[in-house]
Amino acid sequence: MTAEATDYIGMWYRARARLGVQDRTEFMAINPVTGERRTVYQRHRDADGVGGVLSFARTLGMATPPIPQARYRKPPPFWRRWLGSPKSREVVAPQWRRFGEPAETVPDPVVQWLDTRQTAALYQRAASLGVSVNSLLLLALHRAVSQTLLLHRQEGSWCFPVNMRGSVPIPRQEMNLSSAFYLVVDDNDSPAQVDRGIRDHLKANVHWRYWHLARIGRWIGQRGVNWICGRLLDGPQHLGSLSSLGEWQLDFPSAGLPEDTVFACCGPGSPTHPVANGVAVVNGRMSLALKLHPSLGADNGQAERCLQEWINGLEVAS
């Protein structure tokens, strides 16, 4: 494998796995009538969410879906990738409620979905406010977590992944081609404030810095990444990552599934990012999935309450 085709981002998930942090992402086909699930598991060390959807389709024998077009972002000059940072609040450690002792097994995600009318209404609400749908999703998720999982409502830090397809070479679609930045969100923020924070971080090229830093394995190898990763697990505590995979068209009948099958996905989470989730819009219908890392000691009852508050916070009428 050439250096260009090496998955340097995947090295970090491989390093975390050596330390006992599971990197299993889940991609689900759900019968909306019976609730029956067919789940395809994908290791994050091998692919990001976009690559995982492609693997899901291939595994089920589905026609290969077109990949959503990432917005082309012309790579900035190298020197501009390291200049300045947007104003940001200090990261505050989450004060989690005490639910019980840490569990030994990872729970299955809880899943709900919007119908096509509700999904369209959410997009219309975002447009009327002049913000992105992801801004509404992140703010509603933060408020849900703050209300149901924290001792009191507080600011919290979220990882915001950025799809780098369209800006970097793509040796293989099924690999990790995402960067990220961190954004501190408060309960009292408005959608416009969250949206402005996201845009400011993108404009400041923070995701480009993370992209280069995350690819340090090119010079220090897996052993060096393992060493750094072991120390990062004792670093700042965040709430989670917003795993939003965009809009897809999936041909479920080509895999022998009902046409109204619901697709859902969920990231792996970790002790430092315990609120795992996934959002995808497939065939015009949005699904939301959530699971809580066993380190919180919370059961699926707490996860279901948090998920319901997340949906309620989107303010889409039933």
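Here is a short walk through the structure, one selection at a time.

**Before you click.** You're looking at a predicted model, where local features need pLDDT of at least 70 and side-chain atom pairs count only at pLDDT 80 or more, while totals for chains, interfaces and linings use all residues. Residues are numbered from 1 along each chain as its sequence is written, and side-chain values use heavy atoms, leaving out hydrogens and water.

**Stop 1: the whole protein.** Show everything as a cartoon. There are eight helices and 10 strands; helices (H or I, at least four residues) and strands (E, at least two) are DSSP runs, numbered from the N terminus. The C-alpha trace spans about 50 × 45 × 45 Å along its principal axes. The radius of gyration is 19 Å, which agrees with the value near 20 Å for a compact globule of 318 residues. That radius is taken over C-alpha atoms, and the globule rule is 2.2 Å times the number of residues to the power 0.38. Of the 318 residues, 51% are buried. Buried means under 20% relative accessible area, exposed over 50%, and partly exposed in between (1.4 Å probe, protein chains only).

**Stop 2: a three-stranded sheet.** Select residues 24-30, which are strand 1, then add strand 2 (37-43) and strand 8 (262-266). Together they form an open sheet in the order 2-1-8, with antiparallel pairing. Strands 2 and 8 stand at the edges with a single partner strand each, so one side of each has no neighbour in the sheet. From one strand to the next, the twist averages 20°. Two strands pair if DSSP finds at least two bridges between them; strands 1 and 2 are joined by seven. Try showing Glu26: opposite it, in strand 2, stands Tyr41.

Now add residues 49-59. This is helix 2, lying across strands 1, 2 and 8 and running at about 50° to strand 1. For such angles, axes are lines fitted to C-alpha atoms, for helices over the stretch in contact, and angles run from 0 to 180 degrees between N-to-C directions.

**Stop 3: two helices to compare.** Which agrees with its expected span, and which falls short? The expected span is 1.5 Å times one less than the number of residues.

- Helix 8 (residues 300-313) should span 20 Å, and its end C-alpha atoms are 20 Å apart, which agrees.
- Helix 7 (residues 217-232) has its end C-alpha atoms only 15 Å apart, short of the 22 Å of a straight helix.

Zoom in on Arg223, where helix 7 bends by about 75°. The bend is the angle between axes fitted to the seven residues ending there and the seven starting there.

Next, colour the buried residues. In helix 7 they are Gly217, Gly224, Val225, Asn226 and Cys229, and what covers them includes helix 1 (8-18) and helix 6 (206-214). In helix 8 the buried ones include Cys306, Leu307 and Trp310. The buried residues of helix 8 pack against strand 3 (110-113), helix 4 (133-148), strand 9 and strand 10. Contact means heavy atoms within 4.5 Å.

**Stop 4: two asparagines.** Select Asn205, in the loop between helix 5 (191-203) and helix 6. Its phi is positive, about 65°, although it is not a glycine. Asn205 is buried, at 10% relative accessible area.

Finish at Asn283, in the loop between strand 9 (275-282) and strand 10 (285-292). Asn283 also isn't a glycine, yet has a positive phi of about 55°. At 28% relative accessibility, Asn283 counts as partly exposed.
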